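I opened a fresh page for this one and kept my notes in the order I looked things up. Here is what I went through.

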Amino acid sequence: MKTLSFVSTMLVLVALVFVQFLLATQSRAERIKEFDRSGKLIVVEKTAAELQPAYNIKNKSPEKVFPVPRPPFSEGIFPCSQCHGYMKPNPQRRILKDYHEDIVLHHAEGQRWCTDCHNLLNRDKLRLVSGELIDFSESYRLCGQCHGDKFRDWKVGVHGKRTGNWNGDKQYLLCVHCHNPHDPKFKPLKPMPPPVRPDAASH
Amino acid sequence: MSKNKPYDHAHHSSRRKFLKGLAAGIGLIALPDKQASASVWEEFFQKNFRELSKDDLKTVLARLEKKYSKQFAKQVTVKATPPIEGVRYGYALDLSRCIGCRRCVYACVKENNQSRDPQIHWIRVMQLDKEKGVDLSRAEHYYNPEKVPEKGHFYMPVQCQQCENPPCTKVCPVQATWKENDGIVVVDYNWCIGCRYCMAACPYSARHFNWGKPGLPAAEMNPDTHYLGNRPRPKGVVEKCTFCIQRTREQPGRYPACEEICPVGARKFGNLLDPESEIRYLIENKRVFILKEDLNTQPKFFYFYAT
């Protein structure tokens, strides 16, 4: 008799836990309004798992500050607002004829245009896809939006050059110190002279 | 047999005397003469670096500083900074980045006071075929095109691999070369007898011999030197890469000269015992190989592909 009562109590307990679990999961499901891909407002039902906070879509600034030298601006070109501050912003995609005609975009130019990276209204800032405005000295975050693998390696000092002290302060370089952002492929260099051939050097 | 020529005792003894005299004479010639200054005698009787007491070492460094300062007409410092506790140096080179521009070769020559003429380079850059991979029999050292990199080629700089199991130090008959506690293989130029066994033993051709008097212009001489590293070398000794011991053993320690100059950032340097270092990150995350792994030299110089 004793065992029977024990089993029944256990059964009741398990049933209670199950009911609690069901209630908990059911209560988390919600109907929320969303935009579908075409921009139409729709109502979708989301389960508790889907309501869990996903990754933060904002391109958060890295926790660490990377000591970088001044960006390699062309002489006298920065701040951009010294000219653009007095100009009416023109978002029209076009071939530049009056100024900056030396910039030839060779960086996925089919999908890209100046104001994708340069902020239209405040030219002294760069613009991330999230809409956040950043300084030119933080341009690695802009590059890192697409080149995430390189950004990851750069942060730990594996991609790109670091100088300074191996066991102390390190100096990073911005992506744009080595790669022209408008034409990023690394340009070939003239090699230093080859070693003297031993036969030529012998007496 | 004995009837042909009886044993000539008198002749034998005179030859022995002659040889004795000859040996003594040569010995006397080799010794510094009476006019030689005290420093020459001191140098002559200097012990192996590892047997020097603290005071002995001080005297030796002072003597060398005086000698080099006079020779190069500038204030030269000779350090003997010991290894840093808990540090084992490692080097890595990104073969997918190196463009073979040889900037590292000449930065090294400048930093480490190599002889300009006769020419000594501690770093050699090989041009290899992308089709054939790391096939050293196809290596080309003397490439000299207008621009590098050339199509279809990749470049592989080779310098001392600072082996954990170095064959070069084992063959030295006088123990003038050894592995330090931070993993750097060094040479005591004052103890080296120039037999070049170590050069024969090194599978990476990383050791170089001063066949002639090193030609080092005083104006180009780097006065920040280390006893086991870049101090001026005499004729007839072997020298090699020391991971810029005069820079890297300091606190804070600068990166080696070749790392600092590389225009593509292909060179990486750090402490293998520090899990946070870039060298550890790339060994754990990238495709890495060591040169001539089958020889069990266990290099601390890693080649890797970042992409």
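Before counting anything, I settled the terms: helices are DSSP runs of H or I with at least four residues, strands are E runs of at least two, and both are numbered from the N terminus. I also reminded myself that this is a predicted model.

**Entry 1: chain B overall.** I began with chain B and counted nine helices and 12 strands. Its C-alpha atoms fill a box of roughly 80 × 55 × 40 Å along the principal axes. I then looked up burial, and 37% of the 307 residues of chain B count as buried. For contacts between residues at least 6 apart in the sequence of chain B, I found that 65% join residues at least 24 apart.

**Entry 2: the cores.** Which residues touch the most other members of the largest nonpolar core? My list reads B:Tyr91, B:Ala92, B:Cys104, B:Cys108, B:Phe243 and B:Cys258, out of 63 residues in that core. Elements of chain B giving two or more residues to this core include helix 3 (54–72), strand 2 (89–94), helix 4 (103–111) and strand 12 (301–305). Helix 4 of chain B supplies the largest share, five residues. I followed up B:Tyr91: leaving out residues up to four places away in sequence, it touches B:Phe243, B:Phe269, B:Lys300, B:Phe301 and B:Phe302. Apart from the largest core I noted another, of seven residues, among them A:Leu126, A:Cys143, A:Trp154 and A:Leu174.

**Entry 3: where the chains meet.** Next I checked the contacts between the chains, and 25 residues of chain A are in contact with 37 residues of chain B. On the side of chain A that touches chain B, helix 6 (148–156) and strand 5 (162–164) of chain A are the elements that give two or more residues. I sorted the residues of that side into 12 nonpolar, eight polar and five charged.

**Entry 4: helix 9 of chain B.** Which residues of helix 9 of chain B are buried? I wrote down B:Glu278, B:Ile279, B:Tyr281 and B:Leu282. Looking down the axis of helix 9 of chain B, I saw its buried residues fall within an arc of 160°, so they line one face of the helix. That suits the rule I keep in the margin: an α-helix has 3.6 residues a turn, so residues three or four places apart point the same way. What covers the buried residues of helix 9 of chain B includes helix 6 of chain A, along with strand 2, strand 10 (267–271) and strand 12 of chain B.

**Entry 5: backbone oddities.** I kept these for last, with a reminder that most residues other than glycine have a negative phi, and most peptide bonds are trans.

- The peptide bond from A:Phe78 to A:Pro79 is cis, with omega near 0°, and A:Pro79 sits in the loop between helix 2 (48–51) and helix 3 (81–84) of chain A.
- B:Val148 and B:Pro149 are also joined by a cis peptide bond, with omega about 0°; I placed B:Pro149 in the loop between strand 3 (124–129) and strand 4 of chain B.
- A:His100 is not a glycine, yet has a positive phi of about 60°. I found A:His100 in the loop between helix 3 and helix 4 (114–117) of chain A.
- B:Cys244, not a glycine either, has a positive phi of about 50°, and lies in the loop between strand 9 (238–240) and helix 7 (245–248) of chain B.

Are A:His100 and B:Cys244 buried or exposed? A:His100 counts as exposed because it has 11 C-beta neighbours inside 10 Å. B:Cys244 is buried, with 26 other C-beta atoms within 10 Å.

Terms used. Residues numbered from 1 in each chain as written. Chains lettered and ligands numbered in written order. Predicted model: local features only at pLDDT ≥ 70, side-chain atom pairs only at ≥ 80, totals over all residues. Buried ≥ 20, exposed ≤ 12 C-beta atoms within 10 Å, placed from the backbone. Contact = placed C-beta atoms within 7 Å. Core = buried A, V, L, I, M, F, W, Y, C linked by C-beta atoms within 7 Å. Nonpolar A, V, L, I, M, F, W, Y, C, P; charged D, E, K, R; others polar. Arc of directions from axis to C-beta.
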